[in-house]
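Please take me through this structure in the viewer, telling me at each stop what to select next and what is to be found there.

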Number of protein chains: 2
Amino acid sequence: MTTNEVANKLVAYCREGKYKEAYDLYAEDAISIEMEGAPGEQITKGKENIWNAYQQWEESIEEIHGGAVGNPVVAANHFVVPMSMDATFKEQGRWAFDELCMYEVADGKIKKAQYFYEVPEMG
Amino acid sequence: MTTNEVANKLVAYCREGKYKEAYDLYAEDAISIEMEGAPGEQITKGKENIWNAYQQWEESIEEIHGGAVGNPVVAANHFVVPMSMDATFKEQGRWAFDELCMYEVADGKIKKAQYFYEVPEMG
């Protein structure tokens, strides 16, 4: 798949809530990078660990109030997708945020994901 | 300035070729990050060093054949701008590339720039 095709598939799966399929676009040795200073691990290595981290994050959510997955912007072997979410988390309470999700593609798979957002101040 | 205002100013300056003004949007202690494996320093710290690195890069160019600065996509304290360039470099020859330029804003200044592009294979 081209970068464009991976981008369109990822966006379609996220919009449909098909997260397992979305993470199946990742390479086995993919890495995922959160913002420095955010709660949890900053760097997660390996598709299975990334999927487990996603599931753990999903379990921390009490209620989703809204959210959107924007259109991808593609440049060579990278694409970026604006996403937003408004959710109440079991421990931290409600958090509404916008983020830019950057993906690097190699051999038709996502080899690197990096998320850019405002790190919330912890109480 | 809001993130949106910084984004619009940066894009306008880049389109007009006003690079000194563009780099004046950076904070004194800003950092700039290139792709791992790209030629030159991967991380440059400080507005003056970043400006000097830009000037050095500009001097390495023999001829610019084309290029474009896309529209910014803003999310909270970040924005991303797609850019493309086709140039002949004095040492490396012609290189046409697309990149996604990610910026983090704090207190109305760019505190971090990170560039995402396909690292060229060196001959």
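Copies are superposed here by least squares on the C-alpha atoms of residues with pLDDT of at least 70 in both. With the model open, which is a predicted one, begin by selecting chain A and chain B together: a turn of 180 degrees, with a shift of 0.0 Å along the axis, lays chain A on chain B with an RMSD of 0.0 Å. The two copies are therefore related as by a two-fold rotation axis. To find where chain A comes nearest to that axis, select Val80(A), whose C-alpha is the nearest in the chain, 4.1 Å from the axis.

Next, select the contact between the chains, to which chain A gives 16 residues and chain B gives 16 residues. On the side of chain A that touches chain B, the elements to highlight are β4 (73-75), β5 (78-89) and β6 (93-106) of chain A, each of which gives two or more residues. Of these, β6(A) provides the largest share, six residues. If you then colour this side of chain A by residue class, you will find ten nonpolar, two polar and four charged residues.

Now turn to the matching side of chain B: 100% of the interface residues of chain A are also interface residues in chain B, so the copies meet through the same surface.

Finally, colour the model by confidence. The mean pLDDT of chain A is 95, and 98% of its residues reach 70 or more, while for the complex the predictor gives an ipTM of 0.94 and a pTM of 0.95. Where pLDDT is low, the predicted coordinates should not be read in detail.

Notes. Residues are numbered from 1 along each chain as its sequence is written. Chains are lettered from A and ligands numbered from 1 in the order in which they are written. This is a predicted model: local features need pLDDT of at least 70, side-chain atom pairs count only at pLDDT 80 or more; totals for chains, interfaces and linings use all residues. Two residues are in contact if their C-beta atoms, placed from the backbone, lie within 7 Å. Helices (H or I, at least four residues) and strands (E, at least two) are DSSP runs, numbered from the N terminus. Ala, Val, Leu, Ile, Met, Phe, Trp, Tyr, Cys and Pro count as nonpolar, Asp, Glu, Lys and Arg as charged, and the others, Gly among them, as polar. pLDDT is the predictor's confidence in each residue, from 0 to 100.
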